[in-house]
Structures are given as structure tokens and as C-alpha cells.
Amino acid sequence: IDLTHLVFADDLLLFCKGECDSIKLLFEGVQLFSNISGMKPNPSKCTCFFGNVDRFTMLYALHITQFSEGSLPIYYLGLPLISGTLKAQHCNLLISKFTRKINLWTCKFISQAGRIQLIRSVLFGILGFWIMYIFLPSAFIKKIQSIFAKFLWKGSISGTCLHKIAWVKCCYSKSEGGLGFKNLHKWNEAAILFQLWRIVTKASSIWVRWIHSYE
């Protein structure tokens, strides 16, 4: 599959070879579209990303487009786009989401049963999107578990907290004396294996078709 562009909501990604002729042809297409539709790209909101491209070609692309040069990682559709290994610091955006949510809840009186439900339905729901597509670093998972445990036992994430039982025991099923929380490591592994299953079974997906076309 020769992907040339992807459109999500009001975002547009355009792809071409890292050659001056390809870049020129691509931008001529953008200009033609602008002339016909009256819609023009805003250079302050547009970015060029390069991979294995020589410096002259990069400067040429930035000159004719008047876009700025971008660098990875960036966050797109809620996930970090990165070319190397994902590190714990790349997940700070998700940590911020959790802390904002919990800080809003701490100004209200919420019983422990209520906190259990919020962890299970809201916080796990936010985490689920990342879990499905990224191998999360162990340090990040430990940080998330620490935040969840503090909120569970203390009702806030500030200061120290006395944990009544270890988090791993909270992940036991209720019949085994736990709270039925998902084990984040196992959940992450299972979710990634599901994506591999989609690839092996050639599920109906542009992403899967693209992977098989470049095997």
C-alpha cells in the first residue's frame, strides 16, 4: 500500500520521499488544492519531520514550505509518536491526566468504595488506550500503581501513605480476597498480543494491510 496521506478529524499527514523533487511535487499539490479550495496551510501550525534525510534536502523543504522542523516524540491522537524506545519520561502526559483527575476528586468526600469504582472505571479507562498500543516502561507502570494505591488508601496523592495491603493483592479477584483490579503488566502484554493476533490473522485494517505489504 503506497500511503501518501492520512486524515484524522481536522489533521492531515502527508508523506513523500526525502528527495527535493518529491518534496517539490508534494507541495505543488498542496498549493493547487489551496488555489481551488481557498484553504491554505498555516505555517505556524505545520511541521516537517525527517528520517534519514540529508541537511540540504531538509533546508530545501523548510524553505519552500515555510514550516518549522519537528522532532519526536510528539503526541498525536493521545499517544506519543516516537522512533526509538519509549521511556518513562515520555509518559508524563498520562501522569498529568491522572493527577488532574484525582486532584479534582480530592476536594470532595468520596468513600473508599467510591474510590475503588473511580479507579476501575475512569482511571483504568484513560490508561486502556495506551495499554492497547504501547509497551509501557516498567518504571512508568510502577509510578501509575503508586498513584492509584495512594488515591485508594488515602484519597489523595500528596504526602506519604500507609498501604493496608500490597497493590499486587488488590489485583486478585474478589473470590481470592482482592479488589478485582487489572494487573497492569499482564493487561499490557495481553493487549499487545491482541494486536499481534490481528496482524497474524490479517484483520480488516489499513494498518494491518500496510504491515503485510512491507513484510
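This tour visits one helix and then one arginine in a predicted model.

**Helix H2**

Begin by selecting residues 55-65, which make up helix H2, and colour Thr 57, Met 58, Ala 61, Leu 62 and Thr 65, the buried residues of this helix. Now turn the view until you look down the axis of H2: the buried residues fall within an arc of 135°, and therefore they line one face of the helix. On the other side of H2 you can select Phe 56 and His 63, both of which are exposed.

To see what the buried residues of H2 pack against, add helix H1 (20-37), strand E3 (47-48) and strand E4 (68-69) to the display.

Next, go to the two ends of the helix. At the start of H2, show the side chain of Asp 54, where one side-chain oxygen comes to within 3.2 Å of the backbone nitrogen of Phe 56. After H2 comes Gln 66, a residue with a positive phi, near 65°.

**Arg 115**

Move on to helix H4, residues 112-133, and select Arg 115 within it. Which side chain of opposite charge is nearest to this buried residue? It is Glu 176, but Glu 176 is 22 Å away, and Arg 115 has no salt bridge.

Look instead at the backbone oxygens around the arginine side chain. The backbone oxygen of Ile 110 lies 2.9 Å from a polar atom of the Arg 115 side chain, and the side chain of Arg 115 also reaches the backbone oxygen of Phe 151, at 2.9 Å. Finally, leaving aside residues up to four places away in sequence, display the residues that Arg 115 touches, namely Ile 110, Phe 151, Leu 152, Trp 153 and Gly 155.

Key. Residues are numbered from 1 along each chain as its sequence is written. This is a predicted model: local features need pLDDT of at least 70, side-chain atom pairs count only at pLDDT 80 or more; totals for chains, interfaces and linings use all residues. Side-chain values use heavy atoms; hydrogens and water are left out. Buried means under 20% relative accessible area, exposed over 50%, partly exposed in between (1.4 Å probe, protein chains only). Helices (H or I, at least four residues) and strands (E, at least two) are DSSP runs, numbered from the N terminus. The arc is that of the directions from the helix axis to the C-beta atoms. Contact means heavy atoms within 4.5 Å. A polar contact is a pair of N or O atoms within 3.5 Å; within protein, one must be able to donate a hydrogen and the other to accept it, and residues adjacent in sequence count only if both atoms are side-chain atoms. Lys and Arg count as positive and Asp and Glu as negative; His and the chain ends are not counted. A salt bridge is a side-chain nitrogen of Lys or Arg within 4 Å of a carboxyl oxygen of Asp or Glu.
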